Amino acid sequence: MTQQAVAAPDKLDAAVLKVAGVVVLGAIMSILDVTVVSVALPTFQREFDASYARVAWTMTGYTLALATVIPLAGWAADRFGTKRLYMIALALFTIGSGLCATADSIGQLIVYRVLQGLGGGMLMPIGMTIMTRAAGPNRIGRLMAVLGIPMLLGPIGGPILGGWLIDTASWHWIFLINLPIGVIALLYAQMALPKDAPQPSESFDFIGMLMLSPGLALFLYGISTLPEAGTFADAEVWAPMLVGAALVVAFVRYSFKPRHPLLDLRLFANRNLTIASVTLFVFIIAFMGAGLLFPSYFLQVRGESTLDAGLLMAPQGIGAMLTMPIAGTLADRVPIGRTVPFALALIVVGFFSFTQVDPTTSYWLLCGSLFVMGLGMGGTMMPIMTSALKTLHAQEVARGSTLVNILQQIGGSVGAAVMSVILTNELNGSQPIPGVTDPASGKPVTEAGLATAVQLQPDLLRQFPVDPALIERGLDFAARSFSNTFWVAFALVLATFIPAALLPRRREPSHLLDGQQGDEQPKTPVVIH
């Protein structure tokens, strides 16, 4: 039976593509919501009168929820069946979307986004488990390449769709749009997915989950309150950071004791997995964290509409779409140590332009830079993940996939929290305007705050006649704040070259089929999202 799996055709047949349609639809819905929200952050700032660091928790909370349920998904899929659990995840995501549209405070919106993330976090692990069983393990590279192309509709279409909905209707519709898609996906899943065959599953590490998830959330919450508190000495900053760090350290120490831990840190004994994980983690913090700020620069400094900001982000997704299928094919044939450094170099070249932004930087330069960064991104993340997991034995792949994916989601959460805090701190350094206060909060209005408010709401100029030189100084300061934040992210991308230099440069045999018995097939890595 193992030989039949190896002899499976290289091409993905109609039966596999039919099942893939369900997975792609769920993935697009999940990824679309991440990119849609990225252009809405300045809108949330205005609607809920909150800082950028605060509204960024609509992203941080979502990705932390994703990280929480990724290990739970594998255990629950075995116990309850993949089809049933996949449909539950779709329903949970869709219900969470509807609740987000009803939020009337930033706190409520963050809570509902966490609910969304609990559903969205299960969609990809379970979907890829379903796909692996349908396609077989020897076509993982091609499978991920095929699935990667349509899923890039999210990064390309999400900001455009989000901008259009916010401009023509309201921010509520960026969540309401998921309701019809969710219903269609549920009906499609009911018809297309094979019947469940639940099996007894190994025990789940609930103790580990109760330490890791709250620990990360508390630590990042402490960091995100720094701009408002103004100092690490404030108890609201150091207390949650200290408790969170203690929980994470306790989790690491505890993880070597259970037979089936939440994260199997023993796998780090595998050199390739360790190097790939470190490379991916540092890269995700920099790229995903800074990526949230690109639309905000177009909105707050350049005064673009949310639709135009979304359109300006499209070149990045187009660039990734071009290189992702090539990278997926190369990952099966060429050691990533020979390809990933070139992809990272493209990202560095494109990223540098954003460290130089001012209120008048050429759009041709910025869009060209985003396109080059997209080319690099398409050749970076999936090859690293695929190569790392190929060196694991069949019985280790599910645990390795869980480990790498949780690190990826944690990296996204850390990146969103840290970059938003840096930007908020930078903006808070702007000079207050004498005698001008915010009527809602009673706080002094700064030059940068007024300038970005005018860019987001141009009709404010009619209500409050302001010296144009004042607005110009404010926009210069805001642009420098973005530029300084991008410098931090740029330095982290450069740091990624250190572990990337240790990636394998020789072709190593795949162990994915080792140890298989009968019809048993190993689980596959989850597509990054």
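Colleague: Is I181 buried, exposed or partly exposed, and what is its relative accessible area?

Modeller: First, a caution: this is a predicted model. Now the general idea. Buried means under 20% relative accessible area, exposed means over 50%, and partly exposed falls in between. I181 has 24%, so it is partly exposed.

Colleague: Where is I181 found?

Modeller: I181 belongs to helix α11. Look also at G26. The two residues are 155 apart along the chain, yet their C-alpha atoms are separated by 8.7 Å.

Colleague: Which residues form a nonpolar patch on the surface?

Modeller: V183, L187 and M191 do. Together they offer about 340 Å² of accessible area. V183 sits in helix α11, which spans residues 178-192. Its relative accessible area is 47%, so V183 is partly exposed.

Colleague: Now the rings. How many aromatic pairs does the structure hold?

Modeller: Here is the idea. Two rings pair if their centres lie within 6.5 Å, and planes over 60 degrees apart count as edge-to-face. The structure holds 18 such aromatic pairs. One of them joins Y297 and F482. Their centres are 6.0 Å apart and the planes meet at 70°, an edge-to-face pair.

Colleague: Which parts does the pair of Y297 and F482 tie together?

Modeller: Y297 lies in helix α16, residues 293-300. F482 lies in helix α24, residues 468-495. So the pair ties together parts that are 185 residues apart in sequence.

Colleague: Are Y297 and F482 buried or exposed?

Modeller: Y297 is buried, at 0% relative accessible area. F482 is buried too, at 1%.

Colleague: What kind of pair do F351 and F490 form?

Modeller: Their ring centres are 6.3 Å apart and their planes stand at 75°, so this pair is edge-to-face. F351 lies in helix α18, residues 340-352, and F490 in helix α24, so the pair ties together parts that are 139 residues apart in sequence. Both F351 and F490 are buried.

Colleague: Which residues form one aromatic cluster?

Modeller: Y297, F482, F351 and F490 are among them. The cluster also includes F294, F298, F352, F354, Y363, F486 and W487.

Colleague: Where does R113 lie relative to Y62?

Modeller: A charge can sit over a ring. R113 lies over the face of Y62, at 4.2 Å from the ring centre.

Colleague: How many salt bridges are there?

Modeller: The test is a side-chain nitrogen of Lys or Arg within 4 Å of a carboxyl oxygen of Asp or Glu. The count comes to one. D264 forms it with R266, and the closest N and O atoms are 3.3 Å apart.

Colleague: Which of D264 and R266 is buried, and which is partly exposed?

Modeller: D264 is buried, with a relative accessible area of 5%. R266 is partly exposed, with 34%.

Colleague: What is the count of disulfides?

Modeller: The test is a pair of cysteine sulfur atoms within 2.5 Å. The count is zero. Cysteines can still be read for burial. C100 is buried, at 0% relative accessibility. C367 also counts as buried, at 19%.

Colleague: How far apart are the C-alpha atoms of V111 and C100?

Modeller: They are separated by 8.5 Å, with their positions eleven residues apart along the chain counted as the sequence distance. V111 is placed in helix α7, residues 106-135. At 53% relative accessibility, V111 counts as exposed.

Colleague: Which residues are 55 apart in sequence but 9.7 Å apart in space?

Modeller: G61 and Q116, taken C-alpha to C-alpha. G61 belongs to helix α5, residues 57-80. Its relative accessible area is 4%, so G61 is buried.

Colleague: What about F251 and I207?

Modeller: Read them in the same way. These residues are 44 apart along the chain, and their C-alpha atoms are separated by 8.8 Å. F251 lies in helix α14, residues 235-254. At 2% relative accessibility, F251 is buried.

Colleague: Last, the backbone. Which residue has a positive phi although it is not a glycine?

Modeller: D49, with a phi of about 50°. D49 is placed in the loop between α3 (41-48) and α4 (52-55).

Methods
Residues are numbered from 1 along each chain as its sequence is written. This is a predicted model: local features need pLDDT of at least 70, side-chain atom pairs count only at pLDDT 80 or more; totals for chains, interfaces and linings use all residues. Side-chain values use heavy atoms; hydrogens and water are left out. Rings of Phe, Tyr and Trp (its six-membered ring) pair if their centres lie within 6.5 Å; planes under 30 degrees apart count as stacked, over 60 as edge-to-face and the rest as tilted. Helices (H or I, at least four residues) and strands (E, at least two) are DSSP runs, numbered from the N terminus. Buried means under 20% relative accessible area, exposed over 50%, partly exposed in between (1.4 Å probe, protein chains only). A charge sits over a ring if NZ of Lys or CZ of Arg is within 6 Å of the ring centre and within 35 degrees of the ring normal. Patches are made of residues with over 30% relative accessible area and no salt bridge: like charges are joined within 9 Å, nonpolar side chains (Val, Leu, Ile, Met, Phe, Trp, Tyr) within 5 Å. Accessible areas come from the Shrake-Rupley method with a 1.4 Å probe; for residues, only the protein chains shown count as cover.
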